[in-house]
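I opened this entry to go through the metal sites and one charged residue. The notes below follow the order in which I looked things up.

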Amino acid sequence: MGNAEEIIRGVYQIGGAALTASDDAAIYLIDFVDELVLIDTGAGNSSSQIVRNIEMLGLNPANLSHLILTHCHIDHIGSAPFFQKQYNAKIIIHDLDATPIETGDSIRTAANWYDTVFSPMKVDQKLKGAEEVLQFGAEKLHCLHTPGHTPGSISLYLDRDSERVLFGQDIHGPFNKAFGSDIEAWKKSMQLLLALNADILCEGHFGIYQPKEKVRDYIEGYLEEYE
Ligand SMILES: [Zn+2]
Ligand SMILES: [Zn+2]
């Protein structure tokens with residue numbers, strides 16, 4: 001398995017199919033100096049490898065304060081219970097994707113697709129409405145409600161060192177009735193993301209896109225598919 005990669009200062013990809021386990025969606029880490037924030041956690045079988053990857057960056061996993069889940073699918077949430085238990089990390093997800101996690105809904109979490117189960121877990125903070133801004137030291141992490149793939153999908157962005165980094169996991173879909181997908185809502189969500197004019201897109205399954213033009217092409221490419 002490969003090593004973690006620094007995307008911009010203090011923002012890393014620490015997990016994903018090539019880094020931790022083949023069934024893991026991308027896992028990103030933001031170093032806010034006093035605390036570490038994880039965006040998604042992989043499918044649940046690579047917790048110790050994720051910890052090792054954090055340590056290899058010279059960072060202390062005990063400083064993990066928040067775990068933000070972009071939506072309720074197992075390949076993104078699997079190791080959340082581990083990090084909550086081990087490091088007391090606070091679990092954050094949008095209100096509309098919280099129930100499947102709290103009930104261990106095997107269809108809404110797609111655990112049945114992966115031939116596994118997800119045990120119900122407590123959510124510490126439920127994001128509500130179109131946007132919530134989380135403050136970490138002097139910096140802001142913006143959480144945007146971008147429904148489509150699932151009802152409570154979110155995308156996040158961070159402005160650091162004159163770069164806007166967008167975290168958009170599974171913004172490509174897929175769309176499935178069992179997930180509660182909504183194509184029309186998704187189209188609106190993608191317009192919202194295009195308007196951000198992000199410099200870098202940290203995606204869930206296909207990697208990292210930059211510069212600006214490539215981020216735009218990526219999103220517009222999917223919009224054209226569903227016209
Ligand atoms: Zn998904
Ligand atoms: Zn996914």
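**Two zinc ions**

I began with the pair of metals: the zinc ion (ligand 2) and the zinc ion (ligand 1) are 3.5 Å apart, and D170 coordinates both. I note here that this is a predicted model.

**Zinc ion (ligand 2)**

I looked up the donors of ligand 2 next. The zinc ion (ligand 2) is held by D75 (OD), H76 (NE2), D170 (OD), D170 (OD) and H205 (NE2), at 2.1 to 2.8 Å. D170 is thus entered twice among these donors, each time as OD. Along the chain I read the spacing as D-H-x93-D-x34-H. I then placed two of these donors: D75 sits in helix α2 and D170 in the loop between β11 (163-168) and α5 (183-196), so this pair ties together parts that are 95 residues apart in sequence. I checked burial as well, and both D75 and D170 are buried.

**Zinc ion (ligand 1)**

For ligand 1 I found the protein donors H71 (NE2), H73 (ND1), H149 (NE2) and D170 (OD), at 2.1 to 2.2 Å from the zinc ion. Their spacing along the chain is H-x1-H-x75-H-x20-D. What is the geometry at the zinc ion (ligand 1)? I recorded the site as irregular, with angles of 89 to 171° among the four donor atoms. As a reference I wrote down that the ideal angle for four tetrahedral donors is 109.5 degrees. I then returned to the angles at ligand 1, whose range reaches 171°. A tetrahedral call needs all angles between 85 and 135 degrees.

Where do H71 and H149 lie? I located H71 in the loop between β5 (64-68) and α2 (74-77), and H149 in the loop between β9 (139-145) and β10 (154-160), so the pair ties together parts that are 78 residues apart in sequence. H71 is buried, with a relative accessible area of 1%, and H149 is buried too, at 2%.

**D24**

Last, I turned to D24, which I found in the loop between β2 (11-15) and β3 (27-31). Which side chain of opposite charge is nearest to D24? I found R52, 11 Å away; D24 is buried yet has no salt bridge. I did find a polar contact of 2.8 Å between the side chains of D24 and T20. Setting aside neighbours within four places in sequence, I listed the contacts of D24 as G16, A17, G42, A43, G44, S46 and D75. One of these, D75, is also a donor to the zinc ion (ligand 2).

How values were computed: Residues numbered from 1 in each chain as written. Chains lettered and ligands numbered in written order. Predicted model: local features only at pLDDT ≥ 70, side-chain atom pairs only at ≥ 80, totals over all residues. Heavy atoms only, no water. Donors = N, O, S within 2.8 Å, 3.2 Å for Na, K, Ca; no water. Tetrahedral: all angles 85-135°; square planar, octahedral: opposite > 155°, others 65-115°. Helix = DSSP H or I, 4+ residues; strand = E, 2+ residues; numbered from the N terminus. Buried < 20%, exposed > 50% of the residue type's maximum accessible area, 1.4 Å probe, protein only. Lys, Arg positive; Asp, Glu negative; His and termini not counted. Salt bridge = Lys/Arg side-chain N within 4 Å of Asp/Glu carboxyl O. Polar contact = N/O pair within 3.5 Å; in protein donor to acceptor, adjacent residues only side chain to side chain. Contact = heavy atoms within 4.5 Å.
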